[in-house]
Every structure is written in structure tokens, then in C-alpha cells.
4 protein chains.
Amino acid sequence: MTAPDAADLKRDQILAAASRVIAERGYHATNIADIARELGAGHGTFYRYFKNKHDIAVQAVDRAMRRIAEALADEPPEVATSLDEYRAQVTRIAHRLFDLVIAEPVVARLFFFEAAAINRERAERFHAALDDLGSFTAAYIRNGQRRGFLRAEVDPEVIGLALNGVILAGAARMLRVSDPAAERDRWVDSVLTLMFHGLAS
Amino acid sequence: MTAPDAADLKRDQILAAASRVIAERGYHATNIADIARELGAGHGTFYRYFKNKHDIAVQAVDRAMRRIAEALADEPPEVATSLDEYRAQVTRIAHRLFDLVIAEPVVARLFFFEAAAINRERAERFHAALDDLGSFTAAYIRNGQRRGFLRAEVDPEVIGLALNGVILAGAARMLRVSDPAAERDRWVDSVLTLMFHGLAS
Amino acid sequence: MTAPDAADLKRDQILAAASRVIAERGYHATNIADIARELGAGHGTFYRYFKNKHDIAVQAVDRAMRRIAEALADEPPEVATSLDEYRAQVTRIAHRLFDLVIAEPVVARLFFFEAAAINRERAERFHAALDDLGSFTAAYIRNGQRRGFLRAEVDPEVIGLALNGVILAGAARMLRVSDPAAERDRWVDSVLTLMFHGLAS
Amino acid sequence: MTAPDAADLKRDQILAAASRVIAERGYHATNIADIARELGAGHGTFYRYFKNKHDIAVQAVDRAMRRIAEALADEPPEVATSLDEYRAQVTRIAHRLFDLVIAEPVVARLFFFEAAAINRERAERFHAALDDLGSFTAAYIRNGQRRGFLRAEVDPEVIGLALNGVILAGAARMLRVSDPAAERDRWVDSVLTLMFHGLAS
DNA sequence: AATGAATGAGTATTCATTCAT
DNA sequence: CATGAATGAATACTCATTCAT
């Protein structure tokens with residue numbers, strides 16, 4: 001366990017400032033002068049800590065992707081032994097993600113709007129990460145099918161990606177509403193009903 | 001009804017060429033020279049038909065957004081009178097969207113990857129369009145609730161956006177697989193089950 | 001035989017302007033704005049004809065090296081059959097070089113002062129070119145030795161490089177005097193005496 | 001006579017380190033970080049002993065020019081009273097220069113390749129120094145002419161510069177060959193023959 | 001005295017846009 | 001109408017120099 005030194009701190013400050021600016025204006029509309037102004041430092045200072053503009057953006061985005069993935073993939077997919085346990089697990093995951101989005105909109109904006117915006121190579125990586133999240137969700141589904149509390153006839157990979165879509169739509173929504181806490185609860189209720197019991201009355 | 005003249009044709013050719021290039025390389029990585037090469041014409045020609053690079057991209061993206069919205073919102077939300085009719089309607093809509101994505105990947109890529117990439121103002125517009133689609137889907141849900149064949153306790157707006165998320169995740173998936181027709185059928189089957197009956201066994 | 005088109009002409013104009021500025025200020029002190037000003041054109045124009053500043057300088061210097069080498073190596077080393085013929089040949093070569101230096105000081109300055117100044121790689125190339133010129137001069141010496149009108153005991157390669165040194169010292173001198181034509185004649189007289197008969201009285 | 005204190009020593013160490021790096025990479029490709037690394041000290045240390053990068057380079061080059069000039073101009077031009085004495089003198093001078101080049105390639109490279117590379121003002125100074133060396137050599141010639149053992153009809157200034165050219169070509173050669181001691185002897189033999197007796201057989 | 005983190009002036013290069021032909 | 005040569009505003013990046021510690 002090494003103590004973070006002054007250089008690491010400075011690095012983090014720059015990364016935080018760059019994250020704010022990129023989240024605010026978008027990667028392509030952000031220039032080095034904007035980041036310098038946000039931090040209150042000279043341009044040259046960045047280039048002591050980051051190779052170039054692309055490098056800063058990639059690290060900001062990667063950090064955001066890691067934070068989001070951690071919120072979504074924090075617990076093992078095999079532990080739920082009943083529908084109720086799984087429902088509780090899904091509820092926890094949804095709350096974790098939504099709370100992260102509400103507490104750190106910069107992280108969320110980097111993930112949703114900038115991760116794929118830097119260039120083609122980064123977009124591919126973003127989609128690969130979404131596929132991974134889908135596969136991770138699929139593992140939960142498979143666990144439920146194996147244990148008999150989830151329908152056997154659905155395709156776990158398809159459902160994994162579909163639920164990804166639902167949860168990402170919800171998270172993106174949290175960024176756009178004035179009272180995100182209320183919105184979060186409306187989402188969790190309705191989506192859990194949809195997910196477990198369907199819309200048919 | 002005016003007949004399309006030569007100028008309109010040329011315009012469409014340029015728009016098609018620009019769409020292909022932007023879908024291929026992304027808005028920010030595309031330059032006028034790329035589009036000129038794709039069309040086999042001089043740079044100056046664009047500026048006779050479009051105000052500037054931003055203008056071309058906006059029109060290409062708007063056209064793509066219109067095509068996707070048409071596929072999703074082709075039929076009136078109030079016509080289904082039973083669960084079976086609604087299920088058939090949903091199936092038709094999903095097929096229309098997926099088939100469009102498969103047949104015209106350029107349109108799909110513009111919608112999914114470029115609509116929000118041009119600048120902040122366009123990103124807002126893209127999200128507003130997604131919200132509109134969500135409201136449109138919500139109208140179907142409300143119709144089903146009013147007629148009694150869909151659960152009354154779910155929030156139609158939430159479900160509208162959530163189903164948006166599912167269908168967009170599916171459509172994005174179609175762009176990334178080698179056999180999209182098979183993928184489409186897997187998706188429709190599993191997602192309809194999820195949507196109407198839920199995952200609980 | 002293709003006619004030079006407008007693009008070739010423009011290229012040559014830019015190369016000439018860059019040559020003048022680089023000869024005047026030196027490669028490292030020259031910036032693109034200087035060259036633009038000299039030609040009366042925008043910066044961007046250069047980048048239509050040359051890859052970058054390095055590329056312009058290399059082409060200017062290479063052209064200068066070719067012109068100097070042509071002046072020095074214009075006639076075959078084996079033709080002189082007697083001392084008088086060789087002396088006439090040396091006189092012609094010296095005059096050609098000195099006249100070139102006098103008529104085109106820009107070419108001369110590029111050769112003497114800039115060819116090795118761009119970077120290490122170009123300096124190596126410059127010294128390799130000097131070695132080649134030395135070997136070429138050595139061929140004249142060997143011809144004279146074979147035919148018996150030049151001393152057999154001197155090392156042709158050494159003499160080739162030594163005479164290079166003499167002639168380059170003279171050419172560099174032409175660039176620095178106010179009456180180069182008179183200087184040229186003084187040089188040719190004294191150096192021919194040195195070269196063929198030595199200093200010992 | 002003041003004893004060199006610690007500060008003078010440090011100064012010399014920095015000058016030596018800078019000389020090595022500049023000789024290795026060239027003035028314009030050398031940056032302060034390179035010199036700091038070579039010395040194992042911080043950037044700021046230089047600025048306690050030298051005004052700036054230009055100042056360090058100028059002092060390194062000036063020292064090299066002094067060392068070369070000392071080797072060439074170590075003995076008075078008037079002492080030789082006969083051809084044999086002069087020939088011995090020339091031989092000594094050539095050996096001194098060549099041995100210096102072989103023993104201290106850093107000094108030689110600074111003199112040959114960097115003295116004129118810093119900027120125009122330094123290039124002028126370098127050429128003025130070469131002119132001075134030429135005048136110094138001319139004094140030897142004039143001594144020989146006065147005493148009657150060298151040809152009266154050659155122009156001493158021209159011959160001074162021409163012999164400069166020969167000896168510099170030779171010294172530059174020493175830097176480029178794998179066995180410089182053998183090369184030195186080949187040069188001295190052939191060049192003395194050329195110089196005193198000429199090439200005509 | 002020594003250091004090296006911080007700085008920002010300076011510069012090469014790109015590329016959307018114009019307009020003379 | 002069509003062209004593409006010319007343009008220069010805009011911007012990322014470097015590196016000599018300073019100065020607080």
C-alpha cells in the first residue's frame with residue numbers, strides 16, 4: 001500500500017478538471033485552453049502528466065467506464081437462490097447505478113456521451129464493454145434458469161443485452177430530469193414489474 | 001406536386017455520399033475531401049448545395065432520424081383492441097426497425113452513432129427525439145391499459161422509454177453481428193416473452 | 001518529354017522562395033511565415049506542394065547539392081591524356097564551380113551552410129556526398145598516374161579529398177569577398193601552381 | 001594566479017557534459033533535459049552557471065575553436081629557415097591537429113559541425129576564425145618566400161586558405177574512419193608531397 | 001546551493017471555406 | 001454550373017526558462 005504522492009494528486013486534479021470540461025462541452029469541442037482555464041494552470045502543465053489531449057480523454061472515459069461497470073457488476077451472478085433474492089439483487093444494482101449517475105453526473109456523461117465520441121477505436125471498445133455487461137447480466141439470467149425461478153425459454157444473451165438497454169435508458173433519463181430521486185423510484189417500480197411479470201394483465 | 005429536377009437529384013447524391021462517409025468514419029474524422037472523393041466531384045460543388053460541413057451532416061442525420069422514427073411510429077397507437085392485436089403490432093414494429101437496420105446500415109449508424117456526435121445542440125435534439133419516441137410508445141401502453149389488456153400499475157412513460165432502450169439495444173446489436181436475420185428472430189422471440197409475460201417462471 | 005504544367009511552376013516558385021529564405025537565415029531560424037512572406041502567399045499553400053518544413057528544406061538542399069556536384073563532375077575522369085590536358089580540365093572545373101557560386105550564391109549557401117544543418121541524418125548524407133566527390137576526383141588522379149603524367153607515390157583517395165578541401169575552401173571564399181571574379185582568378189592561378197608543382201622553389 | 005574553486009569545477013563539469021551532448025546530437029536537437037540527464041543534475045543548476053542554452057553552446061564551441069587554433073598555431077611562423085625545417089614544422093602541426101581530433105572527437109565535432117550551426121552570428125565568427133587561421137598559415141608561406149625556399153609567384157593568402165581546406169578535409173576525415181592513426185599517416189605523406197612538390201611527375 | 005514542477009511564448013500544421021477560372 | 005487552388009484562422013504541442021522550496 002503506497003501513499004499517493006503529490007504528483008498523483010496533481011494528476012487526479014487534472015483528470016478531474018478535464019473530466020468536467022469534456023463532460024460539459026464534449027471531447028471535440030474541448031480544447032486544451034478550456035482545461036487549463038478550468039484548473040487554473042498553464043497548458044504545459046498537462047503535458048507533464050498526460051501525453052496529449054487524446055490521452056487525457058481516454059483516461060477520463062476509462063475511469064468513468066470502470067465506475068459504471070463496478071456499479072453494475074458489483075455482486076456475483078450465482079448467489080441468488082430464489083426469485084425474491086434475485087429481485088432484491090436487481091433492485092440493489094439499479095439503485096447503485098442510478099445513485100451513481102445522480103451523484104456523479106460527470107462520470108455518467110463521460111460514459112454515455114463521450115466514451116464512443118473520441119474516435120472509432122474508442123467506440124468499438126465502448127461497444128465491447130456493453131457486450132461484456134450484457135454477458136454479465138446473462139449470467140444472472142442463466143443462474144435463475146438453472147435454479148428454476150426464471151423462464152427457461154428466453155435467450156439469456158438477448159435478455160442480458162435487452163436489460164442493459166433498459167437500465168441504460170433509465171440512467172440516461174436520470175441525467176435529464178429535475179428530480180432524479182423521484183424518477184429513480186418510478187423507474188425501479190415499473191421496470192421490476194415489467195421484468196418479472198410482463199405487461200400483460 | 002413538383003417533379004424533382006436535376007438539382008434535387010444532385011443534392012440527393014451528395015447527401016447519400018456524405019451519409020456513407022460519415023457513417024463509415026464518423027463526423028469528426030470525416031473531411032470534405034473524403035466526401036468529394038466518395039462522390040467523384042470537387043469540394044466547391046458541396047457548397048452550391050449545402051451551407052457547410054455541419055449542414056450536410058445535420059441533414060444526413062435528420063434524414064436517418066426520420067427514417068427510424070417512421071419505422072417505429074408507422075401505425076396509430078390506439079388501434080389495438082386486444083393483447084393479441086397489440087402483440088402483433090409490436091412484432092410488426094420490431095421487424096420493421098430491425099429490417100431497416102439490416103437493409104440500411106448507413107441509416108442506422110447515422111442514427112445510433114452520429115446523431116449525438118456532431119455537437120451538444122444536436123445531442124440535445126437526439127435525446128428529445130428519443131423522448132418523443134418514448135412518449136409515442138407510452139401512448140400504446142396507455143391504450144392497452146385503457147382497454148384493460150395491459151397492467152394498470154406500470155408508469156406508461158417509464159415503460160415507453162424502457163422499451164425504447166430494449167429496441168435500440170437490439171437494433172444496435174443487428175449492426176454488429178454476422179447473421180442479422182437470425183439475430184433478429186432470436187430477439188423478437190425473447191423480447192416479446194419478456195415484455196408480455198416477464199422472466200419469472 | 002512532358003511540358004511543365006502550372007503546378008510544377010508553382011512548386012518551383014515555392015522552392016525558390018524557400019531556398020532564398022533558408023540561405024539567408026538558416027534552416028532553424030526560418031519559419032513557415034518567413035517563407036510565406038517571401039512568396040506573398042498563405043501558409044497553407046506550402047502544404048499543398050510540400051509535406052512539411054523539413055521536406056521543403058531537404059528538396060532545396062538536394063537541388064543545391066546536385067547543382068554543385070554537376071559543376072564538379074561534369075566531365076569524364078579518363079579523357080585527359082597529358083598533363084596539359086588535365087590542367088585544362090582542372091581549370092575548367094574550377095571555373096565552373098566558382099562561376100556557379102558567384103552566379104547563384106543561394107545554391108552555394110544551401111550547399112555549404114545548410115546541407116549539414118538540418119539534422120544528423122542530412123549531415124551524414126552531406127558527408128557521404130563529399131566522400132563521393134572525393135572518390136570522383138581520385139579517379140582523375142588515378143587516370144593521370146596510369147598514363148604516367150601524375151606522381152605514382154601519392155594516395156589518390158587522400159589527394160581526392162584534399163583537393164575537395166581546397167576547392168571548397170575557395171568556393172566558400174567566393175561567397176565572402178566583394179570582387180569574386182578577381183578572387184576566382186587569383187585562386188585558380190595559385191592553386192594550379194600548388195597542385196602541379198608544389199610550393200618548394 | 002587564483003586556485004580553481006568548487007564553482008569553477010562544477011562549471012567545467014557542466015561544460016563538458018554539454019559538449020558531449022551537443023557533439024553527439026547537434027545543437028538544435030539538444031535540449032536542456034538531455035544535458036541535465038548527461039550530468040545527473042537538475043535543469044535549474046545550469047542557469048546558476050550559464051545564462052541560457054545559447055550561452056552554454058557558445059562557450060563549448062569557443063573552447064573547441066581555441067583548442068583547434070592552438071594546435072594549428074602553436075609555433076611562430078618565422079622560425080623555419082629552410083625547406084626541411086618548414087617541412088618538419090608542417091608535419092608537426094598536422095600531427096598535432098590530427099592527434100587532437102583522434103583523442104578528442106568531441107572537440108573536433110564541436111569545431112567542425114556545431115561552430116557554424118548555432119546561428120548566423122556564430123557562423124560569421126566561425127568563418128572569421130577560419131580566415132584568421134588562413135592568414136596565420138599565409139605568414140608561414142611569406143616567411144618561406146622571404147627566405148627563398150618557397151615559390152614567390154603564389155599568393156600567400158590564397159595558399160593559406162587552400163591549405164586550411166586541405167587540413168580541415170583531413171581532420172574531418174579522421175572523424176569518420178575506423179583506424180584514424182593509419183589514416184593520419186597516409187594523409188601526412190601524400191599531402192606533404194602534394195604541398196611541396198606537386199602532382200606533376 | 002540545488003532542484004524540478006510549473007509556465008506560456010512560439011510554431012508547425014490542418015482543413016473548412018471561398019472564388020477566380 | 002463545376003472546379004480545386006489558395007487561404008488563414010484555429011489549435012495542439014514543445015521546451016527554454018523561472019522560482020518557490
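Here a colleague asks a modeller about some terms used for this predicted model.

Modeller: Residues are numbered from 1 along each chain as its sequence is written, and chains are lettered from A, with ligands numbered from 1, in the order in which they are written. In this predicted model local features need pLDDT of at least 70, side-chain atom pairs count only at pLDDT 80 or more, totals for chains, interfaces and linings use all residues, and side-chain values use heavy atoms, with hydrogens and water left out.

Colleague: Why is the pair R173(A) and E183(A) called a salt bridge?

Modeller: A salt bridge needs a side-chain nitrogen of Lys or Arg within 4 Å of a carboxyl oxygen of Asp or Glu. The side chains of R173(A) and E183(A) meet at 3.2 Å, N to O, so the pair fits that definition.

Colleague: What makes E183(A) buried or exposed?

Modeller: Buried means under 20% relative accessible area, exposed over 50%, and partly exposed in between (1.4 Å probe, protein chains only). E183(A) has 7%, so it is buried. Its partner R173(A) has 21% and therefore counts as partly exposed.

Colleague: And why does E75(B) count as buried or exposed?

Modeller: E75(B) is at 11% relative accessibility, so it counts as buried. R96(B), which meets E75(B) in a salt bridge (3.4 Å, N to O), is partly exposed because its relative accessible area is 26%.

Colleague: What makes the contact of K10(C) with DNA strand F a polar one?

Modeller: A polar contact is a pair of N or O atoms within 3.5 Å; within protein, one must be able to donate a hydrogen and the other to accept it, and residues adjacent in sequence count only if both atoms are side-chain atoms. A polar side-chain atom of K10(C) lies 3.1 Å from a phosphate oxygen of the strand, so the distance fits.
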